[in-house]
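Colleague: Before we look at any interfaces, could you show me how you would read empty space and copy-to-copy contacts in a model like this one?

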There are 4 protein chains.
Amino acid sequence: MKLSQATTMLDAAHDEARRRGVRVCISILDAQAWPMAFIRMDGAPLGVIDVANRKARTAVLFQMDSADFARIGHPAGEAYMLEHTNGGLTSFGGGVVLRAADGGMLGGIGVSGASTQDDIDIARIAAATLVA
Amino acid sequence: MKLSQATTMLDAAHDEARRRGVRVCISILDAQAWPMAFIRMDGAPLGVIDVANRKARTAVLFQMDSADFARIGHPAGEAYMLEHTNGGLTSFGGGVVLRAADGGMLGGIGVSGASTQDDIDIARIAAATLVA
Amino acid sequence: MKLSQATTMLDAAHDEARRRGVRVCISILDAQAWPMAFIRMDGAPLGVIDVANRKARTAVLFQMDSADFARIGHPAGEAYMLEHTNGGLTSFGGGVVLRAADGGMLGGIGVSGASTQDDIDIARIAAATLVA
Amino acid sequence: MKLSQATTMLDAAHDEARRRGVRVCISILDAQAWPMAFIRMDGAPLGVIDVANRKARTAVLFQMDSADFARIGHPAGEAYMLEHTNGGLTSFGGGVVLRAADGGMLGGIGVSGASTQDDIDIARIAAATLVA
């Protein structure tokens, strides 16, 4: 994944967040979980900086959206407490795996600061720019 | 435990994982929880590196398989949140105590990357080479 | 400082880095040392992500450019080992204090990945957009 | 880099260490600094486990051998204290960049436990198997 693709995603996520009237942080990591690009919108709570990063990290490290990860790390799931590995992961929605048109994993995006459903929607809209 | 025993276990676990068509990380620690040997199979998700290490560490530090540990650390168990001690342990299966033929503890092995049951099976098959 | 000012700085730093043919990470923190925006240029070594962040953090926490900080933290300086406080700071150039036209501190920028002099120059050119 | 290449390097390093009568840890990381394979020889001091890992990490993150890194992180060097970034790096020899025949970076190897010169030699002999 190139920086130009990451900044296109940042812009798409930022635009969508403004349209919904929410204030989020957006974090984009490459396929090995290294930071590529990040922005914090004016007025986003400080605590969601870390949450956005962890959502993206969760998506990359386990190659699944953080909403799916939540199910296996739940007390009734197959891998209870899995979110405590890898320095602390995030087991709720807003982290989305980034894939190329051919399905290959390119990285992960994490959005945090709005409702979980808004965070997920914004992340998916941004991720879709990779295959547009 | 000698390195030659650890690498024999790595080979046995690796062979069994290939036979099952799964991609795992395998971590072997000595009886004092220090790393002896590790491999990551091609294509294993990056997040399971840490999980394999923590499973092995859990088995050594509490002298019980991580699947048994899961029962006492579960919300309904005797020692809820025990997995948050010792820098973070893992409360699901795939960490197995390594024992000599006389029952003495030699260390722990952690396998992660497949289903929990596959992880457990692979770890046990590897551990069995110590008493073969 | 607003996100729009931070992204203007990112763009200016990015443009200047391309002009010099270097590949850097650029990190912008607010006046309380919280992340606002970050990019990693294609091809920058992974180790400079953290260095860029620490340079910016050093500039904000001690309200001085990291090149000045280096003098007081040096073995011959007034506060040897000061860089080991605050989770680890950076005692060489490339972190620059961000100031408004009236001199008030707005935050810090860290640039890393090129020569120390290039890093400093790029950071200063970006910082100058705040008072243009 | 494939696991088979990493284990070939481990074997080569292990053989060379035995030939010299030294006991080392050998750590191999991929090009994004994620662990691929590790062994600790019988009798190696426990403290060198971490040193081997950090040497390999230093080589990968800054795309230079740790002996070269030592020069720029030295009090008289361009980036004094650079080794305190990225969770702590190692500024002496024994971490070597792994390259393919075409010069592309494949990862890093770290060897620790013998004299610095032995560590460097063993790492280089192992790295040479990638282009043999």
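Colleague: How much space lies in the second largest pocket?

Modeller: Rolling a probe the size of a water molecule over the atoms shows where empty space is left. In this predicted model, about 390 Å³ of space lies in the second largest pocket, where a pocket is an open set of points on a 1 Å grid over the protein atoms alone, with protein on both sides within 12 Å along at least five of seven lines; the points are joined across faces, edges and corners, and the volume is the space filled by probe spheres set on them. Lining residues, meaning those with an atom within 4 Å of a point, number 19 here, and the closest to the centre are C:Arg40, C:Gly43, C:Ala44, C:Leu46 and D:Gln32. By class, the lining has 11 nonpolar, 4 polar and 4 charged residues, with Ala, Val, Leu, Ile, Met, Phe, Trp, Tyr, Cys and Pro counted as nonpolar, Asp, Glu, Lys and Arg as charged, and the others, Gly among them, as polar.

Colleague: Which residues line the largest cavity?

Modeller: A cavity is a set of grid points where a 1.4 Å probe fits but cannot get out, and the count comes to 1 cavity of 30 Å³ or more. About 30 Å³ of space lies in the largest cavity, which is lined by D:Asp65, D:Ser66, D:Ala67, D:Gly93, D:Gly94, D:Gly95, D:Val96, D:Ile120 and D:Arg124.

Colleague: What conventions should I keep in mind for names and confidence?

Modeller: Residues are numbered from 1 along each chain as its sequence is written, and chains are lettered from A and ligands numbered from 1 in the order in which they are written. Local features need pLDDT of at least 70, side-chain atom pairs count only at pLDDT 80 or more, totals for chains, interfaces and linings use all residues, and side-chain values use heavy atoms, with hydrogens and water left out.

Colleague: How many salt bridges are there between chain C and chain A?

Modeller: A salt bridge is a side-chain nitrogen of Lys or Arg within 4 Å of a carboxyl oxygen of Asp or Glu, and the count between chain C and chain A is 2. In one of them C:Asp30 pairs with A:Arg40, the closest N and O atoms being 2.8 Å apart. Contact (heavy atoms within 4.5 Å) takes in 17 residues from chain C and 17 residues from chain A. The buried area, that is, the accessible area (1.4 Å probe) lost on putting the two parts together, summed over both, is about 1400 Å², of which carbon and sulfur atoms give 61%.

Colleague: What does chain D bury with chain A?

Modeller: Chain D and chain A bury about 410 Å² between them, 63% of it on carbon and sulfur atoms. D:Gln32, D:Trp34 and D:Leu61 supply 87% of the area that chain D buries there, more than any other three residues. Across this interface the rule finds 0 salt bridges.

Colleague: By what turn can chain D be laid on chain A?

Modeller: Two copies of a chain are related by a rotation about an axis and a shift along it. Superposed by least squares on the C-alpha atoms of residues with pLDDT of at least 70 in both, chain D can be laid on chain A with an RMSD of 0.0 Å by a turn of 180° and a shift of 0.0 Å along the axis. That is the relation of a two-fold axis. Of the residues of chain D, D:Gln32 comes closest to the rotation axis, its C-alpha being at 3.2 Å.
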